[in-house]
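Good morning. I will take a few minutes to go through one chain, starting with its strands and ending with its aromatic rings.

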Amino acid sequence: LTEAIQLLGDGYVEMPMDENTAEAYRVCPGRSVVYTEKKDNQNSSTKQSYTLYADEQDIVQYLKLMIEE
């Protein structure tokens, strides 16, 4: 996860994933980081979100990409 953060840069929100939170999200316990960016163009506005879920050893196990128009 540390390497991914270095590549993606600042501008993320971090959330701990304890046993209960991890179960609710159906991921492993550890932590997650969320990057969100909004792009506006002439015809529409798009919001993109990247969430990386890492286990307790900080190894990324899941990546979620969400695009909203």
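**Strands, core and ring pairs**

Strands E2 and E3 run antiparallel and are joined by 10 bridges. Keep in mind that this is a predicted model. E2 and E3 form a hairpin, and four residues sit between them. To find one place where these strands face each other, look at Glu37, which stands opposite Gln48 in E3.

E2 also pairs with E1, again in the antiparallel sense, over six bridges. Here you can look at Glu14, whose bridge partner in E2 is Val33.

Val33 takes us to the next topic, since Val33 belongs to the largest nonpolar core. Which residues make up this core? There are seven in all: Leu1, Ala4, Ile5, Val33, Tyr35, Leu52 and Ala54. At least two residues of this core come from each of helix H1 (2-8), strand E2 (30-40) and strand E3 (45-54).

Stay with Tyr35 for a moment. Is Tyr35 buried or exposed? Its relative accessible area is 8%, and the cut-off for buried is under 20%, so Tyr35 is buried. Setting aside neighbours within four places in sequence, Tyr35 is in contact with a list of residues that includes Ile5 and Leu52, Gly9 and Gly11, and also Tyr12.

That last contact leads to the rings. A pair of aromatic rings is described by how far apart the centres are and by the angle between the planes. How many aromatic pairs are there? The count is two.

One pair is Tyr12 and Tyr35: the ring centres are 5.4 Å apart and the planes are at 55°, so this pair is tilted. Tyr12 lies in strand E1 (residues 12-17) and Tyr35 in strand E2, so the pair ties together parts that are 23 residues apart in sequence. Tyr12 has 30% relative accessibility and so counts as partly exposed, whereas Tyr35 is buried.

The other pair is Tyr25 and Tyr53. Their ring centres are 6.5 Å apart and their planes are at 45°, so this pair is tilted as well. Tyr25 is in helix H2 (residues 19-25) and Tyr53 in strand E3, 28 residues apart, and the pair links these distant parts of the chain. With a relative accessible area of 42%, Tyr25 is partly exposed. Tyr53, at 6%, is buried.

To go back over the rings: Tyr12 is partly exposed and its partner Tyr35 is buried; Tyr25 is partly exposed and its partner Tyr53 is buried. That is all I have.

Notes
Residues are numbered from 1 along each chain as its sequence is written. This is a predicted model: local features need pLDDT of at least 70, side-chain atom pairs count only at pLDDT 80 or more; totals for chains, interfaces and linings use all residues. Side-chain values use heavy atoms; hydrogens and water are left out. A nonpolar core is a set of buried Ala, Val, Leu, Ile, Met, Phe, Trp, Tyr and Cys residues joined through side-chain atoms within 4.5 Å. Buried means under 20% relative accessible area, exposed over 50%, partly exposed in between (1.4 Å probe, protein chains only). Contact means heavy atoms within 4.5 Å. Rings of Phe, Tyr and Trp (its six-membered ring) pair if their centres lie within 6.5 Å; planes under 30 degrees apart count as stacked, over 60 as edge-to-face and the rest as tilted. Two strands pair if DSSP finds at least two bridges between them.
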